[in-house]
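Here are my notes for anyone opening this entry cold. Have the structure on screen and go through the points in order.

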Amino acid sequence: VKRLDDSRLGFFDAAMSFAVTERLTLERSIKAALKAEQFELFFQPQVRLIDFRLVGAEALIRWRHPELGIITPDKFIPVAEETGLIVPMGTWVLQSACRQLRHWDDLGLTGLRMGVNISGRQFREQDLADLVAEAIAETGVNPAQLDLELTESMLMADGEATLKILRALARLGVTLSIDDFGTGYSSLAYLKRFPVNTVKIDRTFVSDLDQDKDGRAIANAIISLAHSLGMKTIAEGVETEAQAAMLASHGCNEIQGYLIERPLPAAEFTAFVARYGAN
Ligand code: C2E
Ligand code: CA
Ligand code: CA
Ligand code: CA
């Protein structure tokens with residue numbers, strides 16, 4: 001029995017050091033990829049539910065790896081978060097998103113809103129308002145067209161400090177959304193306290209919409225709550241006409257999901273707009 005335990009220990013040791021090595025390798029590759037500009041933003045359209053008019057896009061990061069092709073964020077964001085690389089990466093995301101917004105305006109795709117994901121570490125460790133102000137100044141975009149997506153856990157962390165950052169951001173004229181709403185702490189008190197404009201209904205609730213009554217009740221409750229607090233709602237991960245119809249019947253403002261289009265590379269997004277019809 002003792003020998004079995006020993007060998008098991010050895011196995012776990014090896015597995016663990018493999019995981020550590022792999023993580024270190026990934027960390028180094030991410031660093032190199034940032035330098036080599038292998039990261040790229042894709043854009044997923046967001047449309048208004050009453051008339052399906054295009055209102056904006058969410059910027060979603062991809063790693064265009066020279067050998068492996070397109071790598072999605074679930075493969076590298078967790079390590080980037082752990083190692084702090086998410087901070088320089090987030091700065092790059094913010095600047096690129098603003099540059100793209102500027103480019104759309106120059107192309108005549110005026111008035112589109114750009115949603116940018118902000119990570120918890122960016123929020124805590126950086127002067128986010130300064131960074132956002134810089135990106136706006138450098139690109140000359142209209143701050144009202146920039147929407148920062150924050151998560152519930154970020155907002156719950158430290159009441160006063162959080163409020164200060166959010167107010168500084170709001171003063172810049174950007175709008176704020178709560179991403180993945182309903183999956184985190186779901187303390188509703190903070191919704192009232194913070195200057196948040198939009199609630200993004202997580203796709204887990206959207207996929208439950210056509211499954212059962214409970215799913216519908218939850219989505220309906222989130223929409224009513226947001227509206228009663230003067231906020232807009234956007235549903236994520238809408239894949240079917242039935243889901244869109246149900247969301248519309250509950251008064252949801254906007255949708256985003258494969259029903260409209262997947263996240264697209266910049267050039268394809270422009271082609272999508274030409275096909276779909278801009279404003
Ligand atoms: P998220 O912010 O909740 O983004 C929505 C995710 O849902 C995206 O995954 C999108 O491709 C996917 N999606 C959109 N429509 C549908 C649909 O109809 N059905 C299904 N099943 N999925 C849909 P993606 O692009 O892989 O991003 C995953 C997560 O990575 C994001 O979740 C976000 O938390 C994070 N992320 C992406 N880009 C950035 C970034 O630039 N910065 C930071 N900090 N995080 C990012
Ligand atoms: Ca998001
Ligand atoms: Ca989300
Ligand atoms: Ca998510």
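1. Start with helix α12, residues 266-276, where you'll find both phenylalanine 272 and tyrosine 276. They sit four residues apart, which is about one turn of the helix. As a reminder, an α-helix has 3.6 residues a turn, so residues three or four places apart point the same way. Keep in mind throughout that this is a predicted model.

2. How do the planes and centres of phenylalanine 272 and tyrosine 276 sit in their aromatic pair? The pair is stacked, with 5.0 Å from centre to centre and 20 degrees between the planes. Phenylalanine 272 counts as buried because its relative accessibility is 3%. Tyrosine 276, on the other hand, has a relative accessible area of 31%, so partly exposed is the right label for it.

3. Now widen the view a little. Phe272 and Tyr276 belong to one aromatic cluster, together with Phe43, Trp104 and Phe269. In total, the structure holds eight aromatic pairs. One of them joins phenylalanine 39 and tryptophan 63: the ring centres are 5.3 Å apart and the planes meet at 40 degrees, so this pair is tilted. Phenylalanine 39 is in strand β1 (residues 39-48) and tryptophan 63 is in strand β2 (residues 54-65), so the contact ties together parts that are 24 residues apart in sequence. Phenylalanine 39 and tryptophan 63 are both buried.

4. While you're around there, take a look at isoleucine 70, which has its place in strand β3 (residues 69-71). Isoleucine 70 counts as partly exposed because its relative accessibility is 39%. Leaving out residues up to four places away in sequence, isoleucine 70 touches Phe42, Arg62, Trp63 and Arg64. From isoleucine 70 to phenylalanine 39 it's 31 residues in sequence and 9.5 Å in space, C-alpha to C-alpha.

5. One more ring to check: tyrosine 258 has arginine 262 lying over its face, at 4.1 Å from the ring centre.

6. Next, the metals. Which residues are the protein donors of the calcium ion (ligand 2)? They are Glu58 (OE), Asn117 (OD1), Glu149 (OE) and Asp179 (OD), and they lie 2.1 to 2.3 Å from the ion. Along the chain these donors follow the spacing E-x58-N-x31-E-x29-D. Two of the donors, glutamate 149 in strand β5 and aspartate 179 in strand β6, link distant parts of the chain, being 30 residues apart. Both glutamate 149 and aspartate 179 are buried.

7. The calcium ion (ligand 3) is coordinated at 2.2 to 2.4 Å by Asp179 (OD), Asp180 (OD) and, listed twice, Glu236 (OE). In sequence, the spacing reads D-D-x55-E. Aspartate 179 in strand β6 (residues 175-181) and glutamate 236 in the loop between β8 (232-235) and α11 (241-249) are 57 residues apart, so to speak a bridge between distant parts of the chain. Aspartate 179 counts as buried because its relative accessibility is 7%. Glutamate 236 has a relative accessible area of 11%, so it is buried too.

8. The ions share ligands. Aspartate 179 coordinates both the calcium ion (ligand 3) and the calcium ion (ligand 2), which are 3.8 Å apart. Aspartate 180, found in strand β6, bridges the calcium ion (ligand 4) and the calcium ion (ligand 3), which lie 3.8 Å apart. For the calcium ion (ligand 4), the coordination listed is Asp180 (OD) twice, at 2.9 to 3.0 Å.

9. Last stop, helix α5 (residues 128-139). At 1.5 Å a residue its 12 residues should span 16 Å, and the end C-alpha atoms are 17 Å apart, which agrees. Which residues of α5 are buried? Leu128, Ala129, Leu131, Val132, Ala135, Ile136 and Thr139 are. These cover an arc of only 165 degrees around the axis, so they are on the same side of α5. The face turned away from that buried side carries the exposed residues Ala137 and Glu138. Cover for the buried residues includes α3 (86-107), α4 (120-125), β5 (146-151) and α7 (159-172). Just after α5 comes glycine 140, with a positive phi of about 70 degrees.

Conventions. Residues are numbered from 1 along each chain as its sequence is written. Chains are lettered from A and ligands numbered from 1 in the order in which they are written. This is a predicted model: local features need pLDDT of at least 70, side-chain atom pairs count only at pLDDT 80 or more; totals for chains, interfaces and linings use all residues. Side-chain values use heavy atoms; hydrogens and water are left out. Donors are N, O and S atoms within 2.8 Å of the metal (3.2 Å for Na, K and Ca); water is not among the atoms, so sites may look incomplete. Buried means under 20% relative accessible area, exposed over 50%, partly exposed in between (1.4 Å probe, protein chains only). Rings of Phe, Tyr and Trp (its six-membered ring) pair if their centres lie within 6.5 Å; planes under 30 degrees apart count as stacked, over 60 as edge-to-face and the rest as tilted. A charge sits over a ring if NZ of Lys or CZ of Arg is within 6 Å of the ring centre and within 35 degrees of the ring normal. The expected span of a helix is 1.5 Å times one less than its number of residues. The arc is that of the directions from the helix axis to the C-beta atoms. Contact means heavy atoms within 4.5 Å.
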